[in-house]
Amino acid sequence: MSYKLLINIGQLVGVSSTQNPLRGNDLKNLSIIENAWLLVENDRIHSFGSMQQMTVVVKPEQVIDINQQTILPTWVDSHTHLVFAESREAEFVQKIQGATYAEIAASGGGILNSASKIAQIDEEELYERSQIRLNELIKLGTGAIEIKSGYGLSTEAELKMLRVIKRLKEVNDIPIKATFLGAHAYPLKFKENHSAYIDLIIHEMLPEIERLKLADYMDVFCEKGFFEIEESRRLLNAGLKHGLVPKIHANQLNCFGAVELGVELGAVSVDHLESMDDASIKTLGGSTTIGTLLPGAAYFLRMSYPPARDLINAGAVLALASDFNPGSCPSGNMNQMVSMACIQMKLLPSEAINAATINGAFAMGVHQEVGSIAVGKKANLILYAKMPSLSYIPYSFGSNLIEAVMISGSFI
Ligand code: NIG
Ligand code: FE
């Protein structure tokens, strides 16, 4: 056994062993121990408490004086598209110059642009590029991450992406979940025959993914012109038969029943939610499905933000994630997402931190492992510089206040 004792922690934030995600008014309940100690045993949190009553029964190999700095559990990013081949900053400039979505698509841009790059890239190279991105995010405090396929759009290329995610799972010592997003867009060849692509997903991709155990969840881009409600229902029901729990890209562009579908199917989360009406807010609020907000995408696409306060008032469970991808959010910095949630959606700092940690952990099924400071959870911690108060984290947007990140009991 190896023990590390952290002493004089100014604020130990996110102390919770809740067995349920935080809903509605409870989202703001963020528990903090001032002037704390924490004992790490190997890769796990062994015990913790207030410095006034330190009861450490073992002899630690290392005693680390935290000097009144702040410690948080690492961020849980429950929605990303981290595995992609190339960035798309040319489209970014085209959009600045006024190009529309249709024009960008016509000039070979968008999801299909990323798909043609995935088709060409060597699997080893795809893995290496993805690993570099993941390393950057871990240094920014991400200690668990969900990663989607969906830039393959053929059986071969979807499997290539999922194998890369599987390798990331094996190599990295943080919880990673894989989500199959074959239903992200229609490949050109199926532009006029949507049902044939849906059949391909159901009859060819899903059986192979189950056989090779390549995914934990299934996601669908449920939007008008992409995967309509009935098509999404058929796809996600097929996924369920292959053991994949549903998630949905819902209500990003249209409010036409995607949230309701997610609730009906028992989706773990419905993500985006920029376009909500009273009925969809009420439905989500009364359900156990988590609403995952992605402020980075709304920011980058200059869209209106999800109605976070209305969702909280309706009793919904909210999580916060990055949506890291080359098209609509080329940042996976969760510190920025927390800041944006406070600035643009008026979440309280405590609400945003809970949404980006414990509720994110529930949104990717890793709540027994990470998401809070609790005995037995992984010692995945962020050490922040000394600050006047916790609100300083979202307030000082753009600053990197992180001094160190601990993953599985070791500072990286
Ligand atoms: O979550 N909305 C759909 N999918 C991605 C963006 C896709 C892309 O442009 O590459 C998203 O925002
Ligand atoms: Fe997304």
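This report describes selected features of a predicted model, taking the metal site and the bound ligand before the helix, the cysteines and two single residues.

**The iron site**

An iron ion (ligand 2) is held by four named residues: His79, His81 and His249 each coordinate the ion through NE2, and Asp323 does so through OD. The coordinating distances run from 2.1 to 2.2 Å. Along the chain, these donors follow the spacing H-x1-H-x167-H-x73-D. Distant parts of the chain are linked here by the pair His81 and His249, which stand 168 residues apart. His81 belongs to the loop between strand E6 (75–77) and helix H1 (89–96), whereas His249 belongs to strand E10 (residues 245–250). His81 is buried, with a relative accessible area of 3%, and His249 is likewise buried, at 3%.

**The surroundings of ligand 1**

Ligand 1 is surrounded by 14 residues, and the closest are Arg88, Tyr151, His184, Gln252 and Ser328. The table gives the distances between atoms of this ligand and polar side-chain atoms of three residues.

| Residue | Atom of ligand 1 | Distance |
|---|---|---|
| Arg88 | oxygen | 2.8 Å |
| Gln252 | nitrogen | 2.9 Å |
| Ser328 | oxygen | 2.5 Å |

In the case of Arg88 and of Gln252, the side-chain atom concerned is an N or O atom.

**Helix H8**

Helix H8 spans residues 258–265, and its residues Ala258, Val259, Leu261, Gly262 and Leu265 are buried. These residues lie on the same side of H8, because they cover an arc of only 160° around the axis. The buried residues of H8 pack against three strands and two helices, namely strand E9 (217–222), E10, strand E11 (269–272), helix H7 (229–241) and helix H9 (278–285). Strand E10 is also the element that contains the iron donor His249. Just after H8 comes Gly266, which takes a positive phi of about 70°.

**The cysteines**

A disulfide is a covalent bond between the sulfur atoms of two cysteines. How many disulfides does the structure hold? The number is zero. For Cys255, the closest cysteine sulfur is that of Cys222, and the separation of 11 Å is too far for a bond, since a disulfide requires sulfur atoms within 2.5 Å. For Cys342, the closest cysteine sulfur belongs to Cys329; at 16 Å, this is also too far for a bond. The surroundings of Cys255 and Cys342 can be described as well: Cys255 is partly exposed, with a relative accessible area of 34%, while Cys342 counts as buried at 14% relative accessibility.

**Two single residues: Ser47 and Met1**

Ser47 lies in strand E3 (residues 44–50). Is Ser47 buried or exposed? Ser47 counts as buried, because its relative accessibility is 15%, and the cut-off for a buried residue is under 20%. The side chain of Ser47 makes a polar contact of 2.8 Å with the side chain of His46. When neighbours within four places in sequence are left aside, Ser47 is in contact with Trp37, Leu38, Leu39 and Val375.

Met1 is placed in the segment before strand E1 (3–13). Unlike Ser47, which is buried, Met1 is exposed, with a relative accessible area of 68%. Which residues does Met1 touch, not counting those up to four places away in sequence? They are Glu41, Asn42 and Glu61. Met1 and Glu41 are 40 residues apart along the chain, and their C-alpha atoms are separated by 6.8 Å.

How values were computed. Residues are numbered from 1 along each chain as its sequence is written. Chains are lettered from A and ligands numbered from 1 in the order in which they are written. This is a predicted model: local features need pLDDT of at least 70, side-chain atom pairs count only at pLDDT 80 or more; totals for chains, interfaces and linings use all residues. Side-chain values use heavy atoms; hydrogens and water are left out. Buried means under 20% relative accessible area, exposed over 50%, partly exposed in between (1.4 Å probe, protein chains only). Donors are N, O and S atoms within 2.8 Å of the metal (3.2 Å for Na, K and Ca); water is not among the atoms, so sites may look incomplete. Helices (H or I, at least four residues) and strands (E, at least two) are DSSP runs, numbered from the N terminus. The arc is that of the directions from the helix axis to the C-beta atoms. Contact means heavy atoms within 4.5 Å. A residue is near a molecule or strand if one of its heavy atoms lies within 4 Å of it. A polar contact is a pair of N or O atoms within 3.5 Å; within protein, one must be able to donate a hydrogen and the other to accept it, and residues adjacent in sequence count only if both atoms are side-chain atoms.
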